[in-house]
Structures are given as C-alpha cells and as structure tokens.
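Me: Please take a close look at one part of this model, the open sheet in chain A, and describe how its strands are arranged and what packs on it. After that, add a short account of where the two chains touch.

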Amino acid sequence: MIRFDHVIKRFRRNQVLKGIDLEIQRGQRVALVGSNGAGKTTLIRCLLGEYHCEGEVRIDGLDPRAHRREVLSRIGFVPQLPPPLRMPVGQLIGFAASLCGSDPARIILVAGQLGFDATGFHHQPFVKLSGGQKQKLLIAIALGRDAELLVMDEPAANLDPEARHILFKLLAEKQDDAAMLISSHRLDEVAALVNRVVEMDQGRIVLDDEVADTVDLSSRLACRVRMTRAEDAFARALGAWGFAAEADDPLSWRGHVPGPDRLRFLGMLSRYAALLAGLEMREETDDGDNKDAA
Amino acid sequence: MNHLWLTAWADIVESLRARWFVVYSAVFGGIVVLLFAFGLSESRVMGFTGLSRLLITYIELSMAILPIFVLITTVRSVAGDREAGVFEYMLSLPISLSAWYWGRMLGRFLVVFLPVFIAMLGALLWGMLKGGETPWALFFYYTALLLSLCWCFLGIGMLISTLARSSDIAQGAAFIVWLTLLLFLDLILLGVMIREGLSPDTAVAVALVNPLQVFRTATMMLFDPQLVLLGPTAYVILDHFGRAGYIAFAILYPILLGTLCALIGYQAFRRGDLP
C-alpha cells in the first residue's frame, strides 16, 4: 500500500532522510519510533506530500504530491501538536467533513465515544480547548471517515485511560481494512498497538521488525493494586489512571487498564516497586466478566 | 470552487478572532471618529469642505498606514500559521493547493478591505445624517483606490510569506519592502535622484512602478489637478496619461502588480515544501 523507494530529504546541506526504503501493507500497524531528530516527522510529511523529496513515495501507486486529493482522501492524520486554530469546533468539523466527503455527524459520534461532546463545544474556538479535548477531536476527524491509512503522531499522549481504551477499540475496528503508521518517541507508548516496529535514527531505518500480535486492542484489564503504606505520589499516579481507593481498605486501589496499555501501566508501577504489596490483573470480557488471570 | 470558499470563510473566521484584526479595525474606525471629533468636516482646505475634505484626509492617512498594516498582518499570520503547524494539519486534508492558497488570499482580502471601506462608508453615512453634501464620485473613486491598494499589498504579502521560511524573516522582509517603496516616493529619494541628474525617463519609470507613488498621485489628483505639489515626475506622468488615463492606471496597475506577486507566490508555494 505504501512504498518509500530510496527517499532522501535535504534541508539545504542537512540531509534529514538518508535513503529510506520501506513498504507497508494493508493491515499492518507500524510503530515508527526514534529519538528527536531521527526523521520521523519528515518521513510522515513526505508521505503526506507536504515535502518534496528525492526518490519515490507511493500510496497505492500514486504520488501524494501529484495526486493530493485522491491520496489524502484516504489518509486520516493526527499531528503530535494540535494546530492553534481559532475557528470554532463546529466549523472545524464541517470544514474537515466537507473536504473529506464525510458526514459531520459521524465525526461528532466518534468524538462522543472518546468522551468529547463536540455539540456542546460547537461555538468554542478550537484553540481554547484543553490538550486532551483537542486530541480527541483531531482523532475523531481522522477516524470519522473512510480512511485506509491512519498516520498518527503520538495519538494517545494527551488522553485519559478511558479515552485511550476507546481509541484502542476504534483502532481495532479498523485494523483489518487500514494500515496504520503510529509515530512515537517511546516504543512502550505504542508497543501493544502495533505488529511491526520501524526504528529510525539519524535519518536511517536501523530496525524493522515484526512483533507478536497477541494483544486484543479492545481488551481491558481489571486491576487491584495494594500498597505497603500510604504514599501521595503513588496515589496520584494511580488516580491519573482512573484508579480509586477501596472504601474499607485505603491501601488497596482498584481500576481498569486498557489491554494495549498494560506495558505502560507496569512501567508506571515499576517506579513505585518498593511500595507494592500486591498486584492483580484480570482480563475482562466485553460484558464485564473476568477472564484468565494475567 | 466549493473548497476555495470554504477556505476563504475559514480564514475570515480565523482573522475575525485574531488580535491584529481588532487593532486594525480600531485604527481605521478610530481615524474616522477622530476626523469628525476634530471638526475636519467643517474645515476648508484648497476648496474642499465637509465630507470631501474628510475623505481626502482619510485616504491620505490610509495611504500612509494601510500598506504596512496589510503587509505585516499578512506575513505574520500566514508565516506564523506555517510555523505553528496549521499548514501541516490543514494541508493533510484533501484540499487542492490552489483552493487553499487563493481561498486564503480571498478571505484575507475581504478582512483587510472591509474595515477600511466600512469606516469610510460610516463617515459618509454620518455626514449624510448631519445634512452634508454627499461626494459620491469621490467616494466611489476612493473605494476603487483602496480596493486596489489592499489587493496590491496583500499580493506582495502573500509572496513574502511564501518565500520567507519564518515569521521573523517575513516581517523583516515586509518592512524592508515598505521602506523601499516609501524611499522611492516622489518627494523623498526620487526628488533627490532628479536633483542629482537622473534622466527624466528613469524618474518617471520609478514613479510609475512604485505602487505607493501611483496611489499618492491618484489621491492628490482631485484637489491638485496640475499635480504641482508632487513635483516634476507627476507632472510628466500626467502629461503622458491624461487625467482619465492616469486614474485608470492608478486603479489597474496595483491590482495587476498584486495579482502578479500572488501568482509568483503561488508558484513558489506549489513547488516548495508546504509546512
């Protein structure tokens, strides 16, 4: 579906992409990882036809620059930093839907699923929304249409755990029909979302590996964490994941973790390992029953 | 075409909520209020009284501040949008580059022209309410000149915004362009050049190429038919064009210049990196 053929991008004397060869097929979910300056954003901009480059970039055989509208109508894009648009939410939705040939109601529906009431914020300037609300709306615009390729730069960075869970479910619905390119500085942020990892460094691909694809994107884990003693920082960290202390035992906390987020959650817990007295994680079925112990 | 109007409308809404637009509108509205407050409509200069006198003063002040206002606000917002990631996101949507570029220019034109026009129209209506004589011919002539001036400097601003890679460079370039045009006004550098023995043809050519000079000559033509105030170049120009010919030139030339600059800007935009 996507083919980069010896793509080189220079900014004056600075060569940012140094001959990228990469193919991505439909159904593949690719994590594009690398540190700052590795060339991830430049590669994405070449893919979107926003940069001229040497070599060839093709999406279903089409040059994204020469066939902008045909190519971009198939791509849903979520940038890392939301643009500071002053236009109201309603107008942005109408604008994007009209350009993409989508129905604004579909975008509003996806935004609602993510926990953002776009109708209630219809007249609110986009720039005045919180970081999480902006992210949800941009994701809704990308997912609320028939995109065959999703290009997302740190899509879940500003989302609360519930919204992350919904996002993972929405991505799971698209995983058979669409290709996904998810960019991040850290692999643990996106590891469970993908089945292929491409790591970039200094404008080159230094790792291209398939990964085990066993985690159900829509799964959820019921968790119980027990502390050895009360600790504010740990309690705040658990609270940020939507956990709450049990009424009869303030050292025990319960909550839910989206399945693909389990690595991130365990990463957070590892910072407080000395305070951990116990940990239970059980995968839940859609109807709320617990499955196997994890 | 639909996408062009969508982009134009989006740009209008963006601009209406921007701080620069508030300042811009306040300045031109404020000028009219001040002109009335200082009783200019009751004064007489070179045979012009009432609203005619007010409109002439308004257009002279507009000539001084409108170009730099249009240039700076255009390059700041367009180049600033590129830096802030607006281009990256908006141009990831399936919109043609021509609809995006010309839609923005169209929206921006309405936003910079309408406050200046509405301020002038407001002055006219207020004068009519007060029972003054309405100088319709002057009003339509100045409307055409303002429209032409706005389009011209908007085109130059779009070109600068496209070529400059940062809003700082764009602002610096816009200021230098404005300063250069100002220096080549008849009464400043051009006067010195003529005194130093510049050939008349070159002096006239410089005065004809400079849109600020063209606008200045055109605005003064009504109350100084021989253009005595403007010195030798204007006199030669008037001799060549005639009154009606020069008025047509003064309206059409800046529009053509602005369109040419915008077209060059569009070609550069289409061929370059977008964000």
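Reply: The contact comes before the sheet here. In this predicted model, chain B gives 22 residues to the contact and chain A gives 24 residues. On the side of chain B that touches chain A, α1 (2-16) and α4 (86-90) of chain B each supply at least two residues. The largest share of that side comes from α1(B), with 5 residues. Sorted by kind, the residues of this side of chain B are 14 nonpolar, 4 polar and 4 charged.

Now the sheet. Strands of a sheet pair through backbone hydrogen bonds, and the pairing is either parallel or antiparallel. In chain A, 6 strands form an open sheet with mixed pairing, in the order β5-β6-β7-β3-β8-β9. Its edge strands are β5 (75-78) and β9 (204-210) of chain A, and each of them pairs on one side only. On average, neighbouring strands of this sheet are turned by 15° against each other, with direction ignored.

Helix α5 of chain A, residues 131-143, packs on this sheet. The helix touches β5 and β6 (149-153) of chain A, and its direction makes about 175° with that of β5(A).

At the other edge strand, β9(A) pairs with strand β8 of chain A, residues 196-201, in the antiparallel sense over 6 bridges. Within this pair, A:M200 stands opposite A:I205, a residue in β9(A).

Terms used
Residues numbered from 1 in each chain as written. Chains lettered and ligands numbered in written order. Predicted model: local features only at pLDDT ≥ 70, side-chain atom pairs only at ≥ 80, totals over all residues. Contact = placed C-beta atoms within 7 Å. Helix = DSSP H or I, 4+ residues; strand = E, 2+ residues; numbered from the N terminus. Nonpolar A, V, L, I, M, F, W, Y, C, P; charged D, E, K, R; others polar. Pairing = 2+ DSSP bridges. Axes fitted to C-alpha atoms, helices over the stretch in contact; angles between N-to-C directions.
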